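Biologist: Thanks for sitting down with me. Could you take me through how the labels on this model follow from the numbers?

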Amino acid sequence: MSDILSPEDQHYLLNNLGPINVDEVAGNFNYNLFPEEVEQENDFLIIEDYKCEIDKTITPAPVTENVLTNEEYTGPYNFEVLIDPYGSKNAWVYSVPLNKVYMNMKIPFPVDFRVHDRPDFPLYIRTTPVYSAPQFAHENVYRCINHEFAPEDVQNHVRHHIIRCNNRLAEYEGEKSRNERLSVVIPFAMPQTGTENVREMFEFVCKNSCPVPGMNRRSIEVIFTLEDMSRKIYGRKVLNVRVCSCPKRDKEKDEKECFSGNLNPPQGKKRKMEKQDKKVLMSSDHHELKEYSVTIPVVGKQNAQQLVKYAHDLMAGEVVKRLNTGNVVPFRKCLSKINTVNIRESQN
Ligand SMILES: [Zn+2]
């Protein structure tokens with residue numbers, strides 16, 4: 001069965017073309033050319049359907065720690081946070097090797113959440129922005145004055161939050177006047193039939209470049225925690241974020257710096273999201289340093305470009321992963337070949 005077609009499409013293909021054994025087609029390549037995220041592309045969730053079932057009065061207690069840990073924790077329910085890195089028309093861009101998303105202010109940005117073996121008590125997702133650099137980790141992320149006082153149709157205490165979630169049940173926690181850390185908590189809804197994921201839309205309402213008391217050019221990351229109503233944590237994932245005017249340019253700049261060795265990949269450690277691990281693992285053998293070439297026929301130039309981009313990100317991820325430990329030379333060589341690859345029209 002295909003991972004990227006909807007059940008309806010698969011049914012249609014089966015009736016009209018007969019069964020196709022994908023494994024057979026893939027031959028000995030024990031490696032899925034399509035990233036797992038692609039299967040989520042059609043899973044756009046209509047949140048309204050289940051919102052009414054959630055008890056509005058139950059929300060976890062607010063965050064009180066001075067410094068939040070950014071240690072990733074999959075937890076007992078296999079908490080996963082997924083970002084679609086390949087949407088070509090997106091107003092945001094995602095760097096797989098840096099696990100970093102780049103976007104402008106006020107751009108709605110989808111994040112998919114999922115768990116396995118969901119417990120029978122209500123779960124919540126808390127989203128907290130924090131400064132990435134250890135020297136600022138204890139400081140709370142607030143908005144700049146200009147944006148805070150710009151006309152906006154929200155309750156007063158929401159004005160200080162740089163992250164907004166369009167879920168109507170979102171609770172904005174923490175008080176700037178009490179110097180508290182700010183976070184937004186949403187009930188973790190049940191996924192709709194036919195998908196494991198729950199999609200929520202977020203947006204940022206200040207840029208990294210906003211002046212003090214804003215971010216003032218300090219880099220941030222967003223910590224997603226899976227919690228119960230008493231704030232016990234069952235999972236934690238981290239996403240690096242840059243809110244800027246030129247997302248594409250900044251992503252390219254960061255990646256270039258990273259691959260030329262001037263920058264340690266995302267500050268700190270253990271920044272990879274679950275998804276990235278999987279992607280990197282798809283190359284199956286970690287000690288394998290031989291280079292392979294694959295000729296893959298694809299219809300549509302954009303699709304062909306996506307394949308090349310995927311190959312690029314896969315190799316870039318290997319480089320980052322091995323920067324301090326392993327042999328990056330074959331991967332860098334391969335990366336520069338991919339950068340100059342030509343997409344040609346088939347001759348048949
Ligand atoms: Zn601002």
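Modeller: Gladly, and keep in mind that this is a predicted model. His 147 makes a good start: it has 16 other C-beta atoms within 10 Å, so it is called partly exposed.

Biologist: What makes His 147 partly exposed in terms of the cut-offs?

Modeller: Buried needs 20 or more such atoms and exposed needs 12 or fewer. The count for His 147 is 16, which falls in between, therefore the label is partly exposed.

Biologist: Why does Cys 144 count as buried?

Modeller: Cys 144 has 20 C-beta neighbours inside 10 Å. The threshold is 20 or more, so Cys 144 counts as buried.

Biologist: Where do these two residues sit?

Modeller: His 147 is in helix H4, while Cys 144 lies in the loop between strand E5 and helix H4. According to UniProt, in an unreviewed entry, Cys 144, His 147, Cys 206 and Cys 210 carry the feature "binding site". These positions are spread over 67 residues of sequence, yet they cluster in space, with a largest C-alpha distance of 8.7 Å.

Biologist: Which residues does His 147 contact, leaving aside neighbours within four places in sequence?

Modeller: Val 205, Cys 206 and Cys 210. With residues up to four places away in sequence not counted, Cys 144 touches Cys 206, Cys 210, Pro 211, Pro 213 and Gly 214.

Biologist: Let's turn to the sheet. What makes E2 and E7 its edge strands?

Modeller: Each of them pairs on one side only. The sheet is open, with seven strands in the order E2-E3-E11-E10-E5-E8-E7 and mixed pairing. On average, neighbouring strands are turned by 25 degrees against each other, direction ignored.

Biologist: How do you know that E2 and E3 are paired?

Modeller: Two strands pair if there are at least two bridges between them. E2 and E3 are joined by four bridges and run antiparallel, so they meet that condition. Within this pairing, Ser 95 has Lys 100 as its bridge partner, and Val 93 stands opposite Tyr 102. E3 is also joined to E11 by four bridges, but these two strands run parallel; there, Val 101 partners Val 241.

Biologist: Why say that both faces of E3 are covered?

Modeller: In a regular strand, side chains alternate between the two faces of the sheet. Lys 100 and Tyr 102 are on one side of E3, Val 101 and Met 103 are on the other, and all are buried. Helix H5 lies across E2, E3 and E11, at about 15 degrees to E2.

Key: Residues numbered from 1 in each chain as written. Predicted model: local features only at pLDDT ≥ 70, side-chain atom pairs only at ≥ 80, totals over all residues. UniProt positions renumbered as here; feature names shortened; annotations may be inferred. Contact = placed C-beta atoms within 7 Å. Axes fitted to C-alpha atoms, helices over the stretch in contact; angles between N-to-C directions.
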